[in-house]
Amino acid sequence: MLETQKLRRDFPILERQENGKRLVYLDNAATSQKPRKVLEAIEHYYRCHNANVHRGAYGLAVEATDAYEAARTTVARFVNAWTREAVVFTRGTTESINLVAGSWGRANVQRGDSVVVTAMDHHSNIVPWQILCQEKGAKLRMVEITADGRIDLADYGKALDAKPKLVAFPYVSNSLGTVNPAAQLSKLAHAAGAVTVVDGAQSTPHLRVDVQALDCDFYAFSGHKMLAPMGSGALVAKPALLDAMPPYHGGGEMIERVWDDRSTWNKVPHKFEGGTPNVEAAVGLEAAIAYLEHLGMDRVAEHEQELARVAIERLSQIEGVTIYGPRDHRAGVVPFTYGDVHPHDLATILDRDGVCIRAGHHCTQPLMRRLGVAATARASFYIYNDVDDVDVLVSAVRKAGELFGVPA
Ligand code: PMP
């Protein structure tokens, strides 16, 4: 296990008290807290190097550009991208997926084509494909999940029989914690002639990611779930695909030449980074990656999986608690319901004990319908959580049970 007591001292916000109690932050699947190193990197950038990037002929602008481009190299290394130009900075997973749908999708998906997503996808890996399919007259096919919360491979195979243009799926589910066999899913999709989009929002912060080993075509992730600032993230894609794609946003920096009536495009990745980019986000993301790499992603994964195992074991002992998702191949996400207590009420009561958990549909309404619930409570772990946090969670849930009279 990681040395959580030591790590916590790196996160100023964790010194906060909540209702007179130690803050037990268990909503890491929504966003992580930020270590001092990330906060300092951002401050240092503004204090010492701030200027607009890629434009200035003066030293300061060159420094800002160097900082921004160094972050790109770091991201490329972190996920083992094909090249550093394969990394397009975005505001995060949602923008990355919309970029693929708006650019590759518009150029390649036509009337009568099909696009495949899964019933465990986050809305940000469903809605952009719905918009595209509605615009193009294409069919959106949603692959079912099994009773234990995995992608139903038989149904996946059937969806591939229709030779879809594109297949999108999450590496790790934010609502079930399932770690999907992404390399296998990508291979099957490629054999059917499809391009693959992997939603890496919940995998990049928590596992060792190697996009070349996954052999996906597009990989999207958000920095804010992995210690980095809000509004940071990237689309990582095979360079040949990016080269062939039309731009997404028009504006400064993404062009080569502009005439009165037409323009030519800058090289990849700049073709997709119109306008002044979020340099502080890139710099903060680089510092976050350095922090995670120092811990080692294998240790991070092991730590969270162990916490999830203990949480599932201890929560399951409470009569009336139902845990969702598979028992193995899962990340540090523990979704549950407790009798007929509404998850929002549960979250409100837990907050009194300083415990922050998420309650709701987690932006996965199609999945909630299949689970037969309107909402779940969700505890999600990260590097600064430990077994003490699990115990605080479990006793707060027990207390809530007494308050609400569960089991009735
Ligand atoms: N996909 C998954 C699996 C997620 O958990 C999230 C964030 N909840 C997203 C996509 C969207 O990420 P963002 O809001 O950072 O764009």
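## The ligand and its surroundings

The shell around the ligand is made up of one nonpolar, eight polar and two charged residues. Bear in mind as you look at the structure that this is a predicted model.

Which residues are found around the ligand? From the start of the numbering onwards, they are T93, T94, H122, S124 and N174, followed by D199, A201, Q202, S222, H224 and K225. In the classification used here, A201 is the nonpolar member of the shell, while D199 and K225 are the charged pair.

Three of these residues bring polar side-chain atoms to the ligand, as the table shows.

| Residue | Ligand atom | Distance |
|---|---|---|
| T94 | oxygen | 2.5 Å |
| D199 | nitrogen | 2.5 Å |
| K225 | nitrogen | 2.8 Å |

How much of the ligand does the protein bury? Taken alone, the ligand exposes 390 Å², and 84% of that is buried by the protein. The space that the ligand takes is also the largest pocket.

Now for the wider layout. The domain assignment splits the protein into two parts: domain 1 covers 4–26 together with 297–401, and domain 2 covers 40–293. Where these domains touch, domain 1 supplies 33 residues to the contact and domain 2 supplies 31 residues. Their C-alpha centres are 28 Å apart. Going by the numbering, the residues around the ligand, from T93 to K225, belong to domain 2.

Conventions. Residues numbered from 1 in each chain as written. Predicted model: local features only at pLDDT ≥ 70, side-chain atom pairs only at ≥ 80, totals over all residues. Heavy atoms only, no water. Near = heavy atom within 4 Å. Polar contact = N/O pair within 3.5 Å; in protein donor to acceptor, adjacent residues only side chain to side chain. Areas by Shrake-Rupley, 256 points an atom, 1.4 Å probe, with all protein chains shown as cover. 1 Å grid on protein atoms, 1.4 Å probe; cavity = no way out; pocket = protein on both sides within 12 Å on 5 of 7 lines; lining within 4 Å. Sits in = over half its atoms within 2 Å of the grid points. Domains from an automatic or database assignment. Contact = heavy atoms within 4.5 Å.
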